[in-house]
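Me: Please take a close look at one part of this structure, the nonpolar core, and explain how the strands around it are arranged. A connected account would suit me better than a list.

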Amino acid sequence: MSWLHNIKKGDLVIVAVVLVLAVLVFVPFALAPSQSLTCEITQDDEVIRRVRLGAGYQETITIEGDSVTNVIQIDSDCVYFASSDCPDQVCVRTGKLTRAGQIAVCLPNRVVVRLVGAQEEVDAVVR
């Protein structure tokens with residue numbers, strides 16, 4: 001604890017300023033409401049389902065294609081391909097989508113699952 005004797009007032013002022021700045025940067029993110037997310041599912045560039053994610057909401061959606069069937073699971077604040085009978089399974093291995101802008105795609109069935117945030121929805125309507 002001999003290092004405590006070497007601390008000067010100027011050092012304490014710098015530490016205090018850094019801590020205050022850190023709090024000022026962190027607080028707006030901590031207090032901001034969580035962004036509402038909408039899951040948009042398209043097949044062949046046509047929207048087949050749009051679902052707003054929310055606490056406690058669960059749904060399983062099955063999409064049939066020419067030779068492939070996808071099962072998409074929606075659980076509260078995430079969405080994912082639960083299963084697919086396509087050969088490569090890239091869509092399933094993509095994992096859970098939890099943030100706006102994330103996308104999972106099943107190329108053989110031409111299915112795209114995308115999470116859209118509130119700001120993106122407004123932009124889409126304005127354009």
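Reply: This is a predicted model, and its chain has three helices and seven strands. Read from the N terminus, the elements follow the order α-β-β-β-β-β-α-β-β-α. Of the 127 residues in the chain, 27% are buried.

The largest nonpolar core has 20 residues. Those that touch the most other members are Cys39, Ile41, Ile72, Val79, Phe81, Val111 and Val113. At least two residues of this core come from each of the strands E1 (37-43), E3 (58-64), E4 (69-75), E5 (78-84), E6 (103-106) and E7 (111-117).

Val113 can serve as an example. Beyond its neighbours within four places in sequence, Val113 is in contact with Cys39, Glu40, Ile41, Ile72, Val79, Phe81, Leu97, Gln102, Ile103 and Ala104. For the chain as a whole, 32% of the contacts between residues at least 6 apart in sequence join residues at least 24 apart.

Three of the strands that supply the core also form an open sheet, in the order E3-E4-E5 with antiparallel pairing. E3 and E5 are at the edges and have a single partner strand each, so one side of each has no neighbour in the sheet. From one strand to the next, the twist averages 20°. The antiparallel strands E4 and E5 are joined by six bridges. Within this sheet, Gln73 has Tyr80 in E5 as its bridge partner.

On the outside, the chain exposes about 8700 Å², and carbon and sulfur atoms supply 60% of that area.

Methods
Residues are numbered from 1 along each chain as its sequence is written. This is a predicted model: local features need pLDDT of at least 70, side-chain atom pairs count only at pLDDT 80 or more; totals for chains, interfaces and linings use all residues. Side-chain values use heavy atoms; hydrogens and water are left out. A nonpolar core is a set of buried Ala, Val, Leu, Ile, Met, Phe, Trp, Tyr and Cys residues joined through side-chain atoms within 4.5 Å. Buried means under 20% relative accessible area, exposed over 50%, partly exposed in between (1.4 Å probe, protein chains only). Helices (H or I, at least four residues) and strands (E, at least two) are DSSP runs, numbered from the N terminus. Contact means heavy atoms within 4.5 Å. Two strands pair if DSSP finds at least two bridges between them. Axes are lines fitted to C-alpha atoms, for helices over the stretch in contact, and angles run from 0 to 180 degrees between N-to-C directions. Accessible areas come from the Shrake-Rupley method with a 1.4 Å probe; for residues, only the protein chains shown count as cover.
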